[in-house]
Amino acid sequence: MDPPSTPRSSFRRYLEHLSGAGKAIGVLTSGGDAQGMNAAVRAVVRMGIYVGAKVYFIYEGYQGMVDGGPNIVEASWESVSSILQVGGTIIGSARCQAFRTREGRLKAAYNLIQLGITNLCVIGGDGSLTGANIFRKEWSGLLEELAQSGKIDSDAMKKHAYLNIVGMVGSIDNDFCGTDMTIGTDSALHRIIEVVDAIMTTAQSHQRTFVLEVMGRHCGYLALVSALACGADWVFIPESPPEEGWEENMCVKLSENRARKKRLNIIIVAEGAIDSQNKPITSEKIKDLVVKQLGYDTRVTILGHVQRGGTPSAFDRILASRMGVEAVIALLEATPEIPACVVSLSGNHAVRLPLMECVQMTQDVQKAMDERRFKDAVQLRGMSFESNLNTYKRLCIKRPDSHIVKSNYNVGIINVGAPAAGMNAAVRAAVRVGISDGHRMLAIYDGFDGFFKGQIKEIGWTDVGGWTGQGGSILGTKRTLPGKYLEEIAEQMRAHNINALLIIGGFEAYLGLLELSAARETHEEFRVPMIMVPATVSNNVPGSDFSIGADTALNTITDTCDRLKQSASGTKRRVFIIETMGGYCGYLANMGGLAAGADAAYIFEEPFDIRDLQSNVEHLTEKMKTTIQRGLVLRNENCNENYTTDFICQLYSEEGKGVFDCRKNVLGHMQQGGAPSPFDRNFGTKLSSRAVQWITTKLKESQGTGKKFVTDDSVCVLGISKRNLVFQPVADLRKDTDFEHRIPKEQWWLKLRPVMKILAKYKASYDVSDSGQLEHVHLRPHEESAGI
């Protein structure tokens with residue numbers, strides 16, 4: 001199942017051109033643990049072995065490096081098996097005072113040289129990475145000292161003259177500048193949202209107020225994003241303290257919400273929350289205030305270390321696996337002249353950034369907070385943090401009607417296609433931003449089917465309360481396309497005076513938008529701004545790297561795979577074939593395979609034949625001779641009309657007779673159900689808010705001119721492309737679409753296909769041309785950030 005050979009040119013760089021022969025890499029986890037660290041360790045070990053390097057575990061972080069001996073052990077391929085789904089870190093982590101002294105670092109250098117380790121991959125927070133950089137700078141001095149004391153000879157000194165360091169940020173707080181998401185953050189959000197969802201049901205029963213304290217001593221990311229994901233009434237974060245008189249404002253807001261028939265209040269507090277005078281705001285203080293001022297039955301829940309625990313989310317596993325592979329490539333390409341770097345994520349793009357620039361910027365945030373320059377602190381956190389904060393303020397605090405300037409425009413919102421988790425969060429955000437902008441918001445029920453039948457009703461601010469955490473589509477959704485009913489839909493547009501349309505859905509929504517756009521010539525009612533927000537588990541909409549709902553589906557697949565692997569470990573010598581959804585798009589199968597540690601994933605985009613199936617069976621037969629006696633194979637539902645799930649299962653059973661037995665599992669519609677993941681809630685909220693802002697801008701441009709919208713740029717798809725949020729005219733996307741198979745002609749995730757294969761011990765050709773450029777943190781482009 002190797003990818004087709006790509007013609008090589010001088011502009012492309014491939015992994016085969018890099019060799020780790022003769023190199024030794026040490027991997028350690030340091031500081032606080034985070035879910036996903038094991039996935040990163042696994043990727044570093046397997047990628048290192050794949051390129052021919054020796055890889056060593058350094059147990060207990062820097063403490064193990066200082067103590068040496070049994071704390072530094074060579075890793076094997078099998079030693080990182082079955083750790084992908086385990087939280088925490090299997091190689092341990094510890095705070096180390098000794099490494100802070102030169103004497104401690106001298107011991108560490110000696111221990112590394114004994115094993116020839118001159119490449120370090122450090123997974124930790126800013127303190128751990130700063131320590132690594134000091135170590136690198138002192139390296140030659142430390143070697144000289146060791147040589148003078150006779151501990152090493154001049155040959156060893158020459159041979160190990162340079163120390164290369166690459167960092168990966170593992171921190172649940174997401175407090176490291178330069179990266180959109182640190183390893184562990186998404187999983188911590190999963191833990192928080194699970195608790196909030198559970199608390200909401202009990203709070204509703206008793207009309208209670210809950211104050212939830214989440215982690216984040218110096219960074220409010222977890223508090224802010226979980227507040228956005230659950231629609232909390234109030235949030236306290238260290239970067240943006242409440243204004244003077246917040247006590248009264250908060251109590252007014254809570255009582256207003258109760259007056260709107262809301263039966264509960266949720267207040268989220270970061271553990272490091274402060275007021276504008278830098279004095280702490282504690283959860284107990286808030287509770288006492290609510291009880292004293294309002295007399296509400298109030299409870300405090302401190303989540304504590306629950307947030308660090310549990311199994312890593314699909315997002316964290318994929319992020320850590322990508323970063324681990326990238327870190328090894330960065331070490332192979334490192335030279336003494338290149339500064340130590342961190343590998344990180346910008347939007348959907350893996351980047352390398354100078355380690356000390358990121359650390360400096362992270363420390364600048366704390367300095368700005370200490371000096372009460374809170375605006376600067378928010379800006380230094382990055383564009384996605386700032387945009388999350390602004391979005392939260394708009395969606396959670398309703399301005400009095402008298403303060404909102406009416407636009408006299410009606411904006412319609414419609415869900416089209418199959419349901420996807422996160423659709424309701426997108427509708428809620430659109431309704432509230434639209435109302436804030438002065439529009440009248442109209443909900444269109446049951447897709448285009450309901451549209452032509454006139455199932456249209458005004459929807460208000462409180463109507464969408466509590467929608468973020470609900471799965472499926474509350475508005476109702478159908479796959480019907482508008483083509484047959486253009487006359488009736490135009491009539492409804494006229495009758496309800498709809499001035500703009502927001503379509504939330506999958507490939508049907510995209511086709512519907514194309515049909516409405518084409519109908520502009522014959523029906524002037526469609527000459528209004530129209531925008532689509534992609535929402536489908538299949539992630540097959542042209543114009544966006546991600547769709548709302550795909551992350552939730554991926555987590556469902558990953559959870560199921562974890563359970564099946566556990567079952568197979570018990571019975572031994574068992575292979576599971578799992579069929580995923582996605583139509584012809586292999587995103588779920590491929591990324592599910594990467595997140596679950598599958599042995600193979602069959603997809604439509606990469607044709608395969610009987611020889612590939614045979615080679616996979618042989619690969620699994622070899623695997624069964626090792627200590628890892630189980631297999632996992634994913635198959636996209638439409639990858640091949642003849643090689644069905646049944647056929648593959650029977651073939652594997654026959655060919656593996658006596659070596660392993662085979663079971664199949666079709667996941668089906670459970671991938672479309674369930675409560676949306678934190679990623680999908682926030683992605684839906686963010687995209688939808690931005691879509692309505694675009695509509696408002698378009699409508700304002702034409703205000704008073706009577707101008708009709710006829711240009712291509714007034715019918716767009718809003719999506720993420722690499723690092724940025726982009727609005728792409730649907731007419732321009734036509735050429736990028738394979739309409740027969742309902743997929744984009746080019747898909748970014750296919751580049752990650754070799755990563756999955758390499759980590760499953762297959763030979764694969766991996767294009768690393770995008771890697772290698774060291775970027776500066778402050779010089780990165782200021783387009784609209786795609787960070788969630």
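Two residues are said to be in contact here when they have heavy atoms within 4.5 Å. With that in mind, we can turn to the structure above, which is a predicted model. Of the contacts in the protein with a separation of 6 or more, 79% are accounted for by residues 24 or more positions apart.

The chain is arranged into 24 helices and 24 strands. The radius of gyration of the protein is 27 Å, close to the 28 Å that the globule rule gives for 788 residues, and the protein is therefore as compact as a globular protein of that length. Measures along the principal axes add to this picture, since the C-alpha trace spans about 90 × 70 × 50 Å.

We can next ask how the residues are divided between inside and surface. Of the 788 residues, 62% count as buried, while the accessible surface of the protein comes to about 29900 Å², with 49% of that surface belonging to carbon and sulfur atoms. As for charge, the protein has 88 positive and 89 negative charges, and the mean positions of these two groups lie 2 Å apart.

Finally, consider the cysteines, where the structure holds 0 disulfides. C177 takes part in no disulfide, and its nearest cysteine sulfur, that of C358, is 8.0 Å away, whereas a disulfide is a pair of cysteine sulfur atoms within 2.5 Å. C358 is likewise in no disulfide, with the sulfur of C177 as its nearest cysteine sulfur. C177 has a relative accessible area of 3% and therefore counts as buried, and C358, with a relative accessible area of 0%, is buried too.

Definitions and conventions: Residues numbered from 1 in each chain as written. Predicted model: local features only at pLDDT ≥ 70, side-chain atom pairs only at ≥ 80, totals over all residues. Heavy atoms only, no water. Buried < 20%, exposed > 50% of the residue type's maximum accessible area, 1.4 Å probe, protein only. Helix = DSSP H or I, 4+ residues; strand = E, 2+ residues; numbered from the N terminus. Rg over C-alpha atoms; globule rule 2.2 N^0.38 Å. Areas by Shrake-Rupley, 256 points an atom, 1.4 Å probe, with all protein chains shown as cover. Lys, Arg positive; Asp, Glu negative; His and termini not counted. Charge placed at Lys NZ, Arg CZ, Asp CG, Glu CD.
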